[in-house]
Every structure is written in structure tokens, then in C-alpha cells.
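Trainee: I would like a close look at one part of this model. Please take the strand pairing as the way in, then follow the side chains outward from there.

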Amino acid sequence: MSRTRLTILLTCCVIGSMGPATAADYQVTETDTEIKIVTPQLEAAVRKKGYVSGVASKSFLDKKTGFRDPGFGLDIVDFILEPGSDKAYQEKLARGLVYHTGDLYHGKRQKRFIEGPQICTQARQLQPVVIRGKDFVAVKQQYKYHKAAPGKKIGSVWTQFLVFPIGKRYFVSMDRIDAVNQSDAMFLRIDMPGHLKHKRGDTFTQIYLSYYGTLPASEFFEDFPPDAKFNYRRDTNKMPERFIRAYQLRDAESGKTGPWLAGMTLEPSVVHEAWCHQRGYVCFIEEFGGRPIRPGQSFRAAFVVGYFDSIDEMNRVYDQYKGHTGLKVTPEGWKLLK
């Protein structure tokens, strides 16, 4: 065979191998305790037992750089709340539903729980369902709240979709509440992208908040409450064009700078409040909703969470998906919803 013909044949084989991504490009393994997802770009795990919801702590691997998330997990879910004080009925509240104000963890703003418990620490066990598609794999999770404040019903349902598209270094997610209670400003509390463990900045170099800019790691060497600085409130801050919160990773042993790990809320107007404060770790709480709701109605938010090489890349991906709040997922495909 001539060299020219051999070159043409090898080129055709390479081109033929570069076709569209398919289900053969991802692997899903399932045990009694977790679901593990592996794609050419990422690895991730979804826990069934223990600390649940979202993507499990330190399981989110960026194969391009070798970095993992350094926190408690990504898109982690807590309680349903509303503004106001619970002082008048605190003695009647179930354990874990008293809202403490004026401390390092909560700040001074008055809030109260509508329904609980905290899903990530108290649900203990979920039954995630895998949805397999041609060029993606997804996980659906649900939980029915079974504790409520006096005068409130139990039974609101949280639903989460986590979609891992083949060929991407990020996942697309949605959290939704189907409410059984009425409120003037009901909201759901989540960790977005997720809390950041560190010792004086050993795991990250800087933080990016689209509504503030970049912040050096040194801003988080000492503890401060949520409302002291870097706090976003829809009623007091100008709404940003994009709602992105990210941190640039650093290898704690070598000091090598890594990629950005970002959490993007695709419709900025849904964010009720979000804070980024230091309490032994960097706490990335986000609360979305905060508008009137009646029993039988729902509210939701959609996100992109993953690895990026630059803020410009984050912005480009954000603009590709901007304006959506929901997700529809079937084996035939996934689609963001407005």
C-alpha cells in the first residue's frame, strides 16, 4: 500500500471516530449507597444515604486538570423558609426548625422555617433515579418535607434534576418546590455551587461574584457573618446581568493554580438572597424564590455547575443558557424551560 493511500485511510478512520457523543461514552455504576457517573470529561457521584442531595463531596472530578471539588458537595439542598420572626412560637417548633439570628451563621436578617427538615443532613436516604439518554445521563431526586411550623402543613415536594451532557465539563441542574403552603415570600435554601473548605486559602486563589467582582483568598482568612460583606439581596442590590458565583482552585499541596468551579443561576431574577461568608469555611448559601405562592403552585431555578478555564468562558456558557428556570428530562432528551 502506498504511503499516500495509507495516510488517507488513517485520516478517514480518525474522522470516523470523532462522531457525535453517544451513551457508549459514559458509564453508570450503582450500589446501595451511591450512583457513580463517568464521562470522558467528568466523574461525579450522587449519594443515596447519609449526606444527600446534589453531587457528593469531593466526587466531582475534572479530568482535564485532575482537580476535584474541595467542599461538602454541589447543589446541596436545605429547608423551605420565608421572611419574618418565629419568636412567638419557638417553643412549639420541632427540633431543628428554630431560626437563630444575630450569630455568625445567619446574620441579623429575620427569617423563619416553613417546612423541614434540612434535606442534606436529615433526610438520611433518597431514592435517586437514573435517566439514560443518547448523549447524556441524568439523575432525578425527590423528597417530601415532613416537618412544619405551627399553622403550616407538611408535604411540599422538592424535585431535583442533575443532567450530565457528554462533552461538557459541567452539569445542568434544577431544583423545584411544589408547595402545600401559602406564603408572601416562600424561598428554598441551597448551597450554590457549594461550600468551600480551606485553611487560609490553601484550596483556592480567588472568588468571583458577578455582582461584586473578584475577591482574593485573604478576604476569607477570618470569620464574618453573612450580612457583613459580599451579601446579595434582590431588594437592595442591582440585579446583575449574569448570576455567577465561582472560586478558582488551588492544589493544597503543590500550590498549583487550577480551573474555576462555578455555579450559575440561569435566571438572575429568581435569586432572593445569596451570601458568601467565612464560618470556618466559605459558605455559599443561595435562596431562590421569595415571591407570593399559594398551595398547589410551584417555584424553581435552573443552574449550570462545573469547571471553566476563565471568567470569559463562564460568561459565554451562561449566555448560551440564560433566562431558564426549569428542566424537562426524558430518555429522548433534556430541555431547559423558561
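How many bridges join E10 to strand E12 (residues 157-165), and in which sense do they run?

Mentor: Keep in mind that this is a predicted model. Nine bridges join E10 to strand E12, and the two run antiparallel. One position shows the register: Val-137 has Phe-164 in E12 as its bridge partner.

E10 also pairs with E9. Strand E9 covers residues 129-132, and strand E10 covers residues 136-144. Their pairing is antiparallel too, over four bridges. Val-130 stands opposite Val-139 in E10. The connection is a hairpin of three residues. So E10 has partners in both E9 and E12. As background, strands of a sheet pair through backbone hydrogen bonds, either parallel or antiparallel. In a regular strand, side chains alternate between the two faces of the sheet.

Now compare another sheet. Four strands form an open sheet in the order E1-E2-E3-E5, with antiparallel pairing. Its edges are strand E1 (27-30) and strand E5 (61-62), each of which pairs on one side only. Inside the order, five bridges join E2 to E3. Glu-34 stands opposite Arg-47 in E3.

That opposite pair is also a salt bridge. The side chains of Glu-34 and Arg-47 meet at 3.6 Å, N to O. Glu-34 belongs to strand E2 (residues 34-38) and Arg-47 to strand E3 (residues 42-47), 13 residues apart. How open is the site? Glu-34 is partly exposed, at 23% relative accessible area. Arg-47 is partly exposed as well, at 28%.

A second salt bridge has a buried member. Glu-273 and Arg-109 bring their closest N and O atoms to 2.6 Å. The pair spans 164 residues of sequence. Glu-273 lies in strand E20 (residues 271-278), while Arg-109 lies in the loop between strand E7 (76-83) and strand E8 (111-116). Buried means under 20% relative accessible area. Glu-273 has 4%, so this residue counts as buried. Arg-109 has 22%, so this residue is partly exposed.

The pair is part of a wider set. Arg-109, Lys-111, Arg-189, Arg-233, Asp-235, Glu-273 and Glu-287 are linked in a network of salt bridges. The whole model has 19 salt bridges by the rule used. Another of them is between Arg-176 and Asp-178, at 3.0 Å, N to O. Here Arg-176 is partly exposed at 22%, and Asp-178 is partly exposed at 27%.

Next, the rings. A search of the whole structure finds 21 aromatic pairs. Take Tyr-211 and Phe-243. Their centres are 5.1 Å apart and their planes meet at 25°, so the pair is stacked. Tyr-211 sits in the loop between strand E15 (204-209) and strand E16 (213-216), and Phe-243 in strand E18 (residues 243-250). That puts the two 32 residues apart. Both Tyr-211 and Phe-243 are buried.

Strand E18 contributes to a second pair. The rings of Tyr-247 and Phe-284 have centres 5.7 Å apart and planes at 40°, so this pair is tilted. Tyr-247 lies in strand E18 and Phe-284 in strand E21 (residues 282-293), so the pair ties together parts that are 37 residues apart in sequence. Tyr-247 is buried at 0% relative accessibility. Phe-284 is buried too, at 0%.

The stacked rings join a group. Phe-204, Tyr-211, Tyr-212, Phe-220, Phe-224, Phe-230, Tyr-232 and Phe-243 form one aromatic cluster. A charge meets a ring of this cluster: the charged end of Lys-229 sits over the ring of Phe-224, 4.6 Å from its centre. Elsewhere, the charged end of Lys-197 sits over the ring of Phe-72, 4.3 Å from its centre.

Last, the nonpolar packing. The largest nonpolar core has 86 residues. Phe-60, Leu-188 and Ile-207 have the most contacts inside it. Strand E22 (residues 298-308) supplies the largest share of this core, eight residues. A second, separate core has 13 residues, among them Phe-79, Leu-93, Leu-97 and Ile-285.

Note on methods:
Residues numbered from 1 in each chain as written. Predicted model: local features only at pLDDT ≥ 70, side-chain atom pairs only at ≥ 80, totals over all residues. Heavy atoms only, no water. Core = buried A, V, L, I, M, F, W, Y, C linked by side-chain atoms within 4.5 Å. Buried < 20%, exposed > 50% of the residue type's maximum accessible area, 1.4 Å probe, protein only. Salt bridge = Lys/Arg side-chain N within 4 Å of Asp/Glu carboxyl O. Pairing = 2+ DSSP bridges. Phe/Tyr/Trp six-rings, centres within 6.5 Å; stacked < 30°, edge-to-face > 60°. Lys NZ or Arg CZ within 6 Å of the ring centre and 35° of its normal.
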